[in-house]
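Here is a set of exercises to work through at the bench or at your desk. Try each task on your own before you read its solution.

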Amino acid sequence: MSINAVGFGSGYYSGSNVLSEETRRKLRALGIDPSTVASEAQAQILIAKAQNIQAVQKTVKTNAQNSCTSEQELRYKAKMLALKIGVSIKNETPLEEILKLISAKLEQLSEDTDSKPQKINFINACKEELAQISNQYSVVKQNVNAVYASMNFNADINKMILGL
């Protein structure tokens, strides 16, 4: 084997030639520098993670139209609803627990109705308000999860770039 053959062989296994052209295009489209990826398998993992994150972010953007700006607003709305139906809430009670308490109280009130239309309408209105708050809270949680997913993705890319 000649020296030129060895030189050519080592060039063949360099990071730039390991990836297929299609994989390089996908990486670039996702904003990932192909020169930071060491193998085709690593590139495929990065592509899958980036596509999952994009899907989550797309869902979050779609759901964001119906969302509140913060968990604190939802907490305030839930406390007001709890006061309306007679549930006492402590300041340190988590929002998820508040929603469970409200739901339990509404179920109790539904069982105790005397078929009075006003009482039934009031309970149904409260259930609708609870459903809205719950839906908005799930959107807030999705947003938080999307941020964590993005942070994890960035950490993975940084680890690969640094060779960790």
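The exercises below go from the overall fold to helices, cores, surface and salt bridges.

This is a predicted model, in which local features need pLDDT of at least 70, side-chain atom pairs count only at pLDDT 80 or more, and totals for chains, interfaces and linings use all residues. Residues are numbered from 1 along each chain as its sequence is written, and side-chain values use heavy atoms, with hydrogens and water left out.

**Exercise 1. The overall picture**

Task: Describe the secondary structure of the protein and its buried share.

Solution. Start with the elements: helices (H or I, at least four residues) and strands (E, at least two) are DSSP runs, numbered from the N terminus. The protein has seven helices and zero strands, and from the N terminus on the order is α-α-α-α-α-α-α.

Next, look at burial. Buried means under 20% relative accessible area, exposed means over 50%, and partly exposed lies in between (1.4 Å probe, protein chains only). Of the 164 residues, 26% are buried.

Then take the surface, with accessible areas from the Shrake-Rupley method with a 1.4 Å probe, where for residues only the protein chains shown count as cover. The accessible surface comes to about 11,000 Å², and carbon and sulfur atoms hold 54% of that.

Finish with contacts, meaning heavy atoms within 4.5 Å. Among contacts with a separation of 6 or more, 46% link residues 24 or more positions apart.

**Exercise 2. Checking helix α7**

Task: Compare the span of α7 with the expected one, then place S150 and N124.

Solution. The expected span of a helix is 1.5 Å times one less than its number of residues. For the 46 residues of α7 this gives 68 Å, and the end C-alpha atoms are 67 Å apart, which agrees. After α7 comes G163, with a positive phi near 75 degrees.

Now place the two residues. S150 is found in helix α7 and counts as buried, at 19% relative accessibility. Beyond its neighbours within four places in sequence, S150 contacts I53 and Q57.

N124 also lies in helix α7 (residues 117-162), but N124 is partly exposed at 37%. The C-alpha atoms of N124 and L106 are 8.9 Å apart, although 18 residues separate them along the chain.

**Exercise 3. Cores and a surface patch**

Task: Find which residues have the most contacts inside the largest nonpolar core, and which form a nonpolar patch on the surface.

Solution. A nonpolar core is a set of buried Ala, Val, Leu, Ile, Met, Phe, Trp, Tyr and Cys residues joined through side-chain atoms within 4.5 Å. The largest core has 18 residues, and A78, I85, L99, I102 and L106 have the most contacts inside it. Helices α5 (71-85), α6 (95-111) and α7 each give this core at least two residues. Setting aside neighbours within four places in sequence, I102 touches A78, L81, A82, I85 and L130. A second, separate core of 12 residues includes L46, A50, F153 and I157. As background, nonpolar side chains tend to be buried together in soluble globular proteins.

For the surface, patches are made of residues with over 30% relative accessible area and no salt bridge, with like charges joined within 9 Å and nonpolar side chains (Val, Leu, Ile, Met, Phe, Trp, Tyr) within 5 Å. V144, V147, Y148 and M151 form such a nonpolar patch, with about 390 Å² of accessible area together. Of these, M151 is placed in helix α7.

**Exercise 4. Salt bridges in helix α3**

Task: Work out how E21, E22, R24, K26 and R28 pair up.

Solution. A salt bridge is a side-chain nitrogen of Lys or Arg within 4 Å of a carboxyl oxygen of Asp or Glu. By this rule there are six salt bridges.

1. R24 pairs with E21 at 3.1 Å, N to O. Both lie in helix α3 (residues 21-29), three residues apart, about one turn. R24 is buried at 17%, whereas E21 is partly exposed at 42%.
2. E21 also pairs with R28, at 4.0 Å, N to O. R28 is partly exposed at 48%.
3. K26 pairs with E22, with the closest N and O atoms 3.5 Å apart. K26 and E22 are about one helical turn apart because they are four residues apart in helix α3. K26 is partly exposed at 33%, and E22 is partly exposed at 47%.
4. Shared partners join E21, R24 and R28 into one network of salt bridges.
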